[in-house]
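Please look through the protein shown below with attention to its nonpolar and aromatic side chains. The report after it takes them topic by topic.

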Amino acid sequence: RILEARFVCFWCFVEPEAVQETPSKVQLFGFTAENMEQIADNSIDVVVVTLMLCSVPDIDTILREILRVLASGGKYYFIEHIAEFDLQKHGLRRKLQDVGHWLGFWSFLFDGCHMNRDILTNIERAGFSSVDAQKFYNKTWFIFSLTSPSLKGIATK
């Protein structure tokens, strides 16, 4: 049973074809993350991004848009897979990530994914008032172990 909402919820998809019929208290928008012009400045309390920044051409443009639409004190929740961060323990994994990127096979197979990006640096320099992030290893199948290094966190405007 769906409870009657007392507020309007905005669902924004970066894949416009994902927009479908919704309950009356929910507004859906479809656009790319690089250009969220349909959303007013300082109008969103929470933005959630999962496993997307690895595959976009310009991370910084997207982070600027997130900052633009977030209200003061708004939260940006994220989880991403990232470049290997423990080179002493897993240096070979980082080399394989770099070779996979250089050869282009991973990006070709997985919709533009760059498994060797240092996404935390982009988030930290984007202009958020605070960034609370944690690097960790995601349990995954062996074939996807190159994407095990992960990042989760909350950035506040």
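The sections below move from the nonpolar core to the aromatic rings and then to the surface.

## Basis of the report

This is a predicted model, in which local features need pLDDT of at least 70 and side-chain atom pairs count only at pLDDT 80 or more, while totals for chains, interfaces and linings use all residues. Residues are numbered from 1 along each chain as its sequence is written, and side-chain values use heavy atoms, with hydrogens and water left out.

## The nonpolar core

In soluble globular proteins, nonpolar side chains tend to be buried together. Here the largest nonpolar core (a set of buried Ala, Val, Leu, Ile, Met, Phe, Trp, Tyr and Cys residues joined through side-chain atoms within 4.5 Å) has 26 residues, of which V47, L53, L63, I66, Y76, I123 and F128 touch the most other members. At least two residues of this core come from each of β3 (44-50), α1 (59-69), β4, α4 and β6 (149-156), where helices (H or I, at least four residues) and strands (E, at least two) are DSSP runs numbered from the N terminus. The largest share, six residues, is supplied by α1.

## Aromatic pairs

Eight aromatic pairs are found in a search of the whole structure; rings of Phe, Tyr and Trp (its six-membered ring) pair if their centres lie within 6.5 Å, and planes under 30 degrees apart count as stacked, over 60 as edge-to-face and the rest as tilted. The pair of Y76 and F78 is tilted, because the ring centres are 5.1 Å apart and the planes are at 35°. Y76 is buried at 0% relative accessibility, and F78 is buried with a relative accessible area of 5% (buried means under 20%, exposed over 50%, and partly exposed in between, with a 1.4 Å probe and protein chains only).

The rings of F85 and Y137, by contrast, have centres 4.7 Å apart and planes at 25°, so this pair is stacked. The pair links distant parts of the chain, 52 residues apart, with F85 in the loop between β4 (70-81) and α2 and Y137 in strand β5 (residues 130-137). F85, at 28% relative accessible area, is partly exposed, and Y137 is partly exposed at 31%.

## An aromatic cluster

One aromatic cluster is formed by F105, W106, F110, W141 and F144. Within this group, F110 lies in the loop between α3 and α4 (119-124), and F110 is partly exposed, with a relative accessible area of 34%.
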